[in-house]
Amino acid sequence: MKHKPVIAVLLLLAPLAACGSAQAGDSSTVTVTVGYQSKTINTVTAGTLLRSLGYFEKQLNSLHDGKTYKVDWQDYATGAPITAQMTAGKIDIGSMGDFPLLINAARGKQLGKPTRLVSVTGYNLRGGLNTIVTSPDSKLAALSDLKGKKVSTSVGSAADGTLVRALQRAGIDPDKGIEKLNQQPAVGASALTAGSTDALSQFVAWPGLLTFQGKAKALYDGAELDLPTFHGVTAREDFAEQRPAVLEAFLKAQAEATDYLNDHPVAAAESVAKATGLPAEVVYLYNGAHGIATFDPAVKPQLVSALKQDVSVLKAAKLTGDIDVDSFVDDQYVKKALGSGYAKRLAAAPAASAGEVWPKGATETQSFKTPAEVLKYVSAHKDGIRAAYVPDATTGTLWFADKAVWVADGSRLLPFVAPETARAYVAAHGGARVVTYADALEQAS
């Protein structure tokens, strides 16, 4: 069913009555308003984790410019209301996913309130931050099975972009080939649980959360697209120009929070879990040492290139017109904030794929080179495992070991996020076969 998302999006982004945020004139007190998404956990270095660590406030206190700074942290479920508040002059700095960032750029230009992409939070170079899931008892086993089905997503989000591209590759018209339900993530999750939608395409952390809870199973791993997806930080242009030291203080604090997350991934996951109510095991799936996301504030060229490719998806959905990505991206502030260390961050690559086990009561995880080693450890410590993670044999996307689709290929045990990729491997490797998790554990022990 062809649906019309434009009106809904415009309503969400309708500008509110403008009033200053960090524009306090000659006042000695300046309030900096930061919009973030606590449960979109690949933005935590610019939101949830950063807030809990207090690094931004410490950086502001070190400015010694005669001003007293107050940070107003505002939590939202998606990027759209952050954009609405930014274009109304009520939010100075915000964080959101790549597709919402483009809408942020388009609305800012349209309303004469331009914004700039100033840094990156979490990214995945293959697109693994977005996943299509179905109910645990669903008969759907491949993307092609979605033809004529109801699929919930949030129109204008990166997860919607994944859905559109995946359907196109499967030869399904993303407008007419399915009945798309434009729903907020929590609403879509409830719809999937209630059986009122056949599948759900969403961004972190919803697919992992529902799978962990036993309320969903993966149908399509977004990393199969092999197109980068990321979350980033956007700032109002007028704010950046009028208060560059404040923006640089934020970016320094973000870099500190990034280092904390990378150095203390379990503690960071526990902190984010406490703040959001999400299970720490789910947070770690995405944000852990070998998690689906890599955190780095550097604005990498391959992410900018991916952003340019995303424009066509939004234009086709009539959510935006042309967007000048090059003028939207502005890395001068993060370069200045990080100084000589920026080049090193820009050149850094994601950690190599590895399996991990989080023992109960442990403050650190244990890493393993092969999935079979993970299974062997789990088999020997069945009552002492908090969570076990393995990377997809094709895409490298980390997934829960007990939720993965397992293939036995001789003595090798290979995990896959989605059944279709597992079947593709079996078809290409004579003698390989899909096995149950229990059988995989037994073979590895």
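How exposed or buried is R386 in terms of relative accessibility? With a relative accessibility of 28%, R386 counts as partly exposed, where buried denotes under 20% relative accessible area, exposed over 50%, and partly exposed the range in between, computed with a 1.4 Å probe on protein chains only. The coordinates are those of a predicted model, in which local features need pLDDT of at least 70 and side-chain atom pairs count only at pLDDT 80 or more, while totals for chains, interfaces and linings use all residues. Residues are numbered from 1 along each chain as its sequence is written, and side-chain values use heavy atoms, with hydrogens and water left out.

The confidence of the prediction is considered next. For the protein chain, the mean pLDDT (the predictor's confidence in each residue, from 0 to 100) is 93, and 94% of the residues reach 70 or more. Residues 1–20 are a stretch where pLDDT stays under 50, and for them the model has 40 contacts beyond four places in sequence, a contact being defined by heavy atoms within 4.5 Å. Where pLDDT is low, the predicted coordinates should not be read in detail.

Side chains of opposite charge can pair when their charged atoms come close. The structure holds 14 salt bridges, each defined by a side-chain nitrogen of Lys or Arg within 4 Å of a carboxyl oxygen of Asp or Glu. One of these is formed by R386 with E270, whose closest N and O atoms are 2.9 Å apart. Since R386 lies in strand 14 (residues 385–391) and E270 in helix 11 (residues 265–276), the pair ties together parts that are 116 residues apart in sequence; helices (H or I, at least four residues) and strands (E, at least two) are DSSP runs numbered from the N terminus. E270 is partly exposed, at 32% relative accessibility.

R386 also meets the side chain of E281 in a salt bridge, with an N to O distance of 3.0 Å. This pair links distant parts of the chain, with E281 in helix 12 (residues 280–287) and R386 in strand 14, 105 residues apart. E281 counts as buried at 12% relative accessibility, and the helix that holds E281 is largely enclosed by the rest of the structure, because 8 of the 8 residues of helix 12 are buried. Among the buried residues of helix 12 are V282, V283, Y284 and L285.

A further salt bridge brings together the side chains of K335 and D331, at 3.5 Å from N to O. K335 is partly exposed at 41% relative accessibility, and D331 is likewise partly exposed, with a relative accessible area of 23%. Elsewhere, D92, R236 and D238 are joined into one network by salt bridges that share partners.

Two helix pairs illustrate the packing. The axes of helix 6 (residues 158–169) and helix 13 (residues 301–316) come within 11 Å and cross at roughly 80°, the axes being lines fitted to C-alpha atoms, for helices over the stretch in contact, with angles that run from 0 to 180 degrees between N-to-C directions. Helix 6 and helix 13 are therefore roughly perpendicular to each other, under a scheme in which angles under 35 degrees count as roughly parallel, over 145 as roughly antiparallel, 65 to 115 as roughly perpendicular and the rest as oblique. G161, V164 and R165 of helix 6 make the contact with Q309, D310 and V313 of helix 13, and these residues divide into 2 nonpolar, 2 polar and 2 charged. In this classification Ala, Val, Leu, Ile, Met, Phe, Trp, Tyr, Cys and Pro count as nonpolar, Asp, Glu, Lys and Arg as charged, and the others, Gly among them, as polar.

Helix 17 (residues 371–380) packs against helix 19 (residues 437–444) at an angle of about 90°, with the axes 8 Å apart, which makes helix 17 roughly perpendicular to helix 19. A372, L375, K376, V378 and S379 in helix 17 meet Y437, A440, L441 and A444 in helix 19, a contact whose residues divide into 7 nonpolar, 1 polar and 1 charged.

Two further residues share contact partners. T162, found in helix 6, is buried at 5% relative accessibility and touches N130, Y220, G222 and L225, residues up to four places away in sequence not being counted. R126 lies in the loop between strand 4 (115–124) and strand 5 (130–134) and is partly exposed at 26% relative accessibility. With the same sequence exclusion, the residues that R126 touches include G222, L225, T394 and T395; R126 and G222 are 96 residues apart in sequence and 7.5 Å apart in space, C-alpha to C-alpha.
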